[in-house]
Amino acid sequence: MPDINHRVYIKVDKENVYKTLTTSEGWNAWFTDNTSINLNSDGTGEIRLRWTEFGSKKENIEDGGNILEAVPNKSFVFRWSPGEGETTVSFKLESFKKGTLVILCETGYSNSEKDLEACLGCAVGWGEALTLLKVYLECGNVYKQDLL
């Protein structure tokens, strides 16, 4: 079963990265449209990621699921369903040099054709997303509309 693994060094502190990954305002600023996050005090909750008029087909896309873990300035873990079943997306934050190392891992894909296609798309997508996150946090630039 394939996994997706990415790492990116962002020259901002873990607090700013964590806030951007765990709030609706954070996601909507650099990557999504109308995403909602309901985070409980125990670090669980729900995330609904939304994109409007996304891609060449100008589709509205929504996906999401349960937030399994949100540990301030350390981790954010949620489930969603980009393929046949649910997968788990994990963001781990580590202090590195004068900023934060963001470690993304997505697990749970099967070897079915639909899951392998979704895994390949998400592997590329998460790489693009982490680049957009880095540019947004380091420079304040937003390029999410350029994906359309």
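## Close-ups of a predicted fold

**View 1. Lys134 and its partner Glu138.** Lys134 sits at 24% relative accessible area, so it goes down as partly exposed (buried is under 20%, exposed is over 50%, and partly exposed lies in between, with a 1.4 Å probe and protein chains only). Glu138 gets the partly exposed tag too, at 30% relative accessibility. Their side chains join in a salt bridge, 2.7 Å from N to O (the criterion: a side-chain nitrogen of Lys or Arg within 4 Å of a carboxyl oxygen of Asp or Glu). Glu138 and Lys134 are four residues apart in helix H3 (residues 113–139), which means about one helical turn between them. Helices (H or I, at least four residues) and strands (E, at least two) are DSSP runs, numbered from the N terminus.

A word on the model: it is predicted, with local features needing pLDDT of at least 70 and side-chain atom pairs counting only at pLDDT 80 or more, while totals for chains, interfaces and linings use all residues. Residues are numbered from 1 along each chain as its sequence is written, and side-chain values use heavy atoms, with hydrogens and water left out.

**View 2. Glu69 and Lys92, a strand-to-strand salt bridge.** Here the closest N and O atoms of Glu69 and Lys92 are 3.3 Å apart. This pair ties together distant parts of the chain: Glu69 belongs to strand E4 (residues 59–71) and Lys92 to strand E6, with their positions 23 residues apart. Glu69 is partly exposed at 28% relative accessible area, and Lys92 is partly exposed at 34%.

**View 3. Gly85 and the loop it sits in.** Gly85 is in the loop that runs between strand E5 (75–80) and strand E6 (87–96). With a relative accessible area of 30%, it is partly exposed. Beyond its neighbours within four places in sequence, Gly85 contacts Trp80 and Asp115 (contact means heavy atoms within 4.5 Å). For a sense of scale, the C-alpha atoms of Gly85 and Lys134 are 29 Å apart, with 49 residues separating them along the chain.

**View 4. Arg79 with Glu86, plus a network elsewhere.** Glu86 and Arg79 form a salt bridge whose closest N and O atoms are 3.0 Å apart. Glu86 counts as partly exposed at 39% relative accessibility, and so does Arg79 at 23%. Arg48, Arg50 and Glu62 are also linked, in a network of salt bridges. The whole structure holds five salt bridges.

**View 5. Lys14, buried and unpaired.** Where does Lys14 lie? Lys14 is in helix H1 (residues 14–21). Lys14 is buried and has no salt bridge; the nearest side chain of opposite charge, Glu15, is 6.4 Å away. Leaving out residues up to four places away in sequence, Lys14 touches Asn73, Leu93, Glu94, Ser95 and Thr100.

**View 6. The protein chain, zoomed out.** Three helices and seven strands make up its elements, and from the N terminus they go β-α-α-β-β-β-β-β-β-α. The C-alpha atoms fill a box of roughly 40 × 30 × 25 Å along the principal axes. Buried residues account for 43% of the 148 in the protein chain.

Key
Lys, Arg positive; Asp, Glu negative; His and termini not counted.
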